[in-house]
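Student: I would like to work through this model one contact at a time. Shall we start from a single side chain and move on to strands, rings and cores?

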Amino acid sequence: MPSNLILFNKPFRVLSQFSAEGDKSTLAQYIEIPEFYPAGRLDFDSEGLLLLTNQGALQHVIASPDFKLPKTYWVQVEGEISLEALEKLRQGVELKDGLTKPAQAERMAEPDVWERVPPVRHRENIPTSWLSLQIREGKNRQVRRMTAAVGFPTLRLIRYAIGPYTLENTIVGQWNFIEPTDNLLKEVNQFEEQRKRKAASSNRRSTGQKRQLGSKGNKISHGEGVARRNTRPKSTSRSHRK
């Protein structure tokens, strides 16, 4: 029986969705398995690891920052990344929507990865460098904004890992069924149990409120039920005023 989790190496300029949007490429051109949807997103102009599932609870656990699955990116930036810039990334960077959480940031050698189509445009006499950046949150276009904030704009962005899952042995444009890890299944079970407890608690409160309202509705005290009625006799004659 196939797994309920898919690992996909998303190419550059592919939307993380199946529905069409203009003439942009979508997941439908690569994955023809019904009822699977992305667990989180990866920007149109970013590449790399995207997980998809047909289970709602699994999708929530993978995508939600509350469960703190770290995401590791390989980032090509403009310029030789400095130790000072790396330290700022590690401590947290102030963005328009707040301070980022401390990240793991290390300079790395250029990785042996596929050629991007179209290739990155290089500016003459300006070198580029690569870093590995691991974050545990998901602000909009966060990695690009972080590197720009420390003075090194992102040229190419590849998501290499989500938690224990990596792009190892998965070529660009290819997908594979994978098995959820024991830790991931444990998180899913805890989330489902928590959701059941909340639903049961909500049902108990709703039932109690209905009973209370029903009890009040059937009870007439101190003539309140009668007092609401119009007890004046109806007139049997019509007025002749004009």
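Student: With which side chain does the side chain of R41 make a polar contact?

Tutor: The model is a predicted one. R41 lies in the loop between β2 and β3. Leaving aside neighbours within four places in sequence, R41 is in contact with S16, Q17, L50 and R159. The polar contact of its side chain, at 3.4 Å, is with the side chain of Q17.

Student: Is R41 buried or exposed?

Tutor: The cut-off for exposed is over 50% relative accessible area. R41 has a relative accessible area of 53%, so R41 counts as exposed.

Student: What distance separates the C-alpha atoms of R41 and L51?

Tutor: R41 and L51 are ten residues apart along the chain. The separation of their C-alpha atoms is 8.8 Å.

Student: Which strand has N9 of β1 standing opposite L49?

Tutor: β1 is mostly covered, with six of its six residues buried. L5, L7 and N9 point one way from the strand, while I6, F8 and K10 point the other way. Six bridges join β1 to an antiparallel partner, and L49, opposite N9, lies in that partner, β3.

Student: What is the bridge partner of L7 in β11?

Tutor: β1 also pairs with β11, in the antiparallel sense and over three bridges. In β11, the residue bridged to L7 is N176.

Student: Why is β4 described as largely enclosed by the rest of the structure?

Tutor: β4 covers residues 71-78. K71, Y73, V75 and V77 point one way, T72, W74, Q76 and E78 point the other way, and all are buried. The strand is called largely enclosed because the buried count is eight of eight residues.

Student: Which residue of β8 does T72 stand opposite?

Tutor: β4 and β8 run antiparallel and are joined by eight bridges. Opposite T72, in β8, stands Q134.

Student: And which residue is the bridge partner of Q76 in β9?

Tutor: β4 pairs with β9 in the antiparallel sense, over seven bridges. In β9, the partner of Q76 is R156.

Student: How many aromatic pairs are there, and is the pair of F8 and Y30 stacked, tilted or edge-to-face?

Tutor: The count comes to six aromatic pairs. For F8 and Y30, the ring centres are 5.6 Å apart and the planes are at 50°. Planes under 30 degrees apart count as stacked and over 60 as edge-to-face. The angle of 50° therefore makes this pair tilted.

Student: How many residues apart are F8 and Y30?

Tutor: F8 is in β1 and Y30 in the loop between β1 and β2, so the pair links distant parts of the chain. F8 is buried at 0% relative accessibility, whereas Y30 is partly exposed at 29%. Their separation along the chain, in residues, is 22.

Student: Is the pair of F36 and F177 stacked, tilted or edge-to-face?

Tutor: The ring centres of F36 and F177 lie 6.1 Å apart. Their planes are at 65°, so the pair is edge-to-face.

Student: How many residues apart in sequence are the parts that F36 and F177 tie together?

Tutor: F36 is buried, with a relative accessible area of 5%, and F177 is partly exposed, at 34%. F36 lies in the loop between β1 and β2 and F177 in β11, so the parts tied together are apart in sequence by 141 residues.

Student: Which lysine lies over the face of F44?

Tutor: One charge over a ring is R116, which lies over the face of F12 at 3.9 Å from the ring centre. Over the face of F44, at 4.8 Å from the ring centre, lies K24.

Student: Which residues of α3 are buried?

Tutor: α3 covers residues 142-149. The cover over its buried residues includes β4, α2, β5, β8 and β9. The buried residues themselves are Q142, V143, R144, M146 and T147.

Student: How many residues does the largest nonpolar core have?

Tutor: L52, V75, L89, L131, L133 and M146 have the most contacts inside this core. β1, β3, β4, α2, β8 and α3 each supply at least two of its residues. The core's residue count is 28.

Terms used:
Residues are numbered from 1 along each chain as its sequence is written. This is a predicted model: local features need pLDDT of at least 70, side-chain atom pairs count only at pLDDT 80 or more; totals for chains, interfaces and linings use all residues. Side-chain values use heavy atoms; hydrogens and water are left out. Buried means under 20% relative accessible area, exposed over 50%, partly exposed in between (1.4 Å probe, protein chains only). Helices (H or I, at least four residues) and strands (E, at least two) are DSSP runs, numbered from the N terminus. Two strands pair if DSSP finds at least two bridges between them. Rings of Phe, Tyr and Trp (its six-membered ring) pair if their centres lie within 6.5 Å; planes under 30 degrees apart count as stacked, over 60 as edge-to-face and the rest as tilted. A charge sits over a ring if NZ of Lys or CZ of Arg is within 6 Å of the ring centre and within 35 degrees of the ring normal. Contact means heavy atoms within 4.5 Å. A polar contact is a pair of N or O atoms within 3.5 Å; within protein, one must be able to donate a hydrogen and the other to accept it, and residues adjacent in sequence count only if both atoms are side-chain atoms. A nonpolar core is a set of buried Ala, Val, Leu, Ile, Met, Phe, Trp, Tyr and Cys residues joined through side-chain atoms within 4.5 Å.
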